[in-house]
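Work through the exercises below with the sequence and the model open. Each task is followed by its solution.

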Amino acid sequence: MKAGELMWEKATKMNENFLVEERIRCLERAKNSYSSAMAAVNNRLHEGNANPEEIKNKSNLVGEYLDIARLQLQTLKEMKSLELTEKLPEDKLKEMENTLLPVNNLYNDYAAELNLFGMCLRIMLSCKYDQAATIEKLWKSIICQEILPCATGSEATYNFLQNLLKDSLIDERIVFLSEGDTGSLPLFENGEWLERLRGRMEALGKDFIGKGADYVCPVDFLVSILEGLRHAFQQGSESSPWPLDILVRINAPYPDLLDAYGSIFEREQVSLMGGGDAHRRYLSLKSVVELLEKWISMSFCGDNQSNRAYRELSNSVVSSSLLNEIGAFESSLDSLGEGRDEIQTRLDSVKERIKRI
């Protein structure tokens with residue numbers, strides 16, 4: 001207990017020559033000391049008048065400081081790797097390196113100020129801050145960072161990217177090329193941005209999904225944005241379901257993915273009634289089928305007990321929710337037109353494979 005208090009005092013002492021790495025080590029030792037003290041109390045090995053509630057409160061406080069301090073160190077390392085430290089005044093950098101920052105300062109004065117949007121999301125996760133508008137704006141900013149600046153020869157793509165940029169926190173260029181103009185910026189249609197975006201999304205998503213606060217990685221929102229990019233990129237032609245591949249790789253739950261893709265199809269249904277694009281309606285239903293096929297394919301890979309896809313599929317089959325949803329999609333086929341027979345054949349195959357569960 002006393003060792004914990006000494007380490008706590010050392011970690012939080014105002015000393016400009018004491019690096020944040022050393023402060024983290026002190027916090028870790030304090031945390032271990034309080035954990036040992038609590039274990040001793042629980043086992044009635046502790047002598048004296050130790051107060052379990054006091055030990056628990058101190059341990060929780062140290063844990064909160066430790067979480068933020070680790071994020072501070074991670075932010076500092078990212079700043080240095082991206083050579084952003086020169087953008088900070090010398091006193092701000094020194095404060096970052098040698099003190100424990102309040103979480104608001106870490107977010108506003110460093111992570112957000114330097115456009116470290118992934119760190120902003122990590123800080124929000126640590127603080128259990130679930131404001132959807134802020135989270136969505138951060139994700140749009142991350143996506144824009146990997147795509148922009150760029151040029152495009154498509155007016156529809158230009159408008160989509162402008163709307164994405166408008167709702168982000170970055171200031172970048174999108175150029176609409178006139179016929180025959182090549183421009184000096186990377187061409188969106190060349191798709192050079194796709195691998196960068198895939199790597200960034202997968203690295204961040206794996207940090208968030210399954211951590212007990214999936215609101216930081218909102219599946220429905222990400223499906224909508226990524227499928228919008230896919231449509232802008234393919235411009236009516238066939239393309240691989242790369243948004244689905246990304247979301248599966250970050251362990252997004254399949255039932256959540258089905259809800260998200262189903263919502264897109266429903267929006268296209270409504271849009272069609274108002275004169276919307278029938279081809280987009282077909283593509284949205286095709287995306288639903290691609291998801292179902294992926295889900296079933298992954299369900300039969302490896303051991304069932306450790307296979308997340310199998311467990312989620314089995315639960316959905318037992319509750320009848322999945323078959324009901326497939327039935328709802330089938331009921332819309334009569335009015336589909338384009339690709340009706342193809343979609344029906346693939347849905348029939350999906351149902352046959354589900355029967356093996």
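**Exercise 1.** Where is Ser320, and what is the sign of its phi?

Solution. Ser320 is located in the loop between α14 (308-318) and α15 (321-331); helices here are DSSP runs of H or I with at least four residues, strands are runs of E with at least two, and both are numbered from the N terminus. The phi of Ser320 is positive, about 70 degrees, although Ser320 is not a glycine. With a relative accessible area of 34%, Ser320 is partly exposed (buried is under 20%, exposed over 50%, partly exposed in between, with a 1.4 Å probe and protein chains only).

The model is predicted: local features need pLDDT of at least 70, side-chain atom pairs count only at pLDDT 80 or more, and totals for chains, interfaces and linings use all residues. Residues are numbered from 1 along each chain as its sequence is written, and side-chain values use heavy atoms, with hydrogens and water left out.

**Exercise 2.** Find Lys128 and state whether it is buried or exposed.

Solution. Lys128 sits in the loop between α6 (117-126) and α7. Its phi is positive, about 55 degrees, and Lys128 is not a glycine. Lys128 is exposed, at a relative accessible area of 65%.

**Exercise 3.** Which peptide bond is cis?

Solution. The bond from Leu148 to Pro149 is cis, with omega near 0 degrees. Pro149 belongs to the loop between α7 and β1 (150-152). For background, most peptide bonds are trans.

**Exercise 4.** Which residues does Met79 contact, leaving aside neighbours within four places in sequence?

Solution. Taking contact as heavy atoms within 4.5 Å, the partners of Met79 are Leu84, Thr85, Leu88, Leu93, Met96, Tyr110, Leu114 and Leu116.
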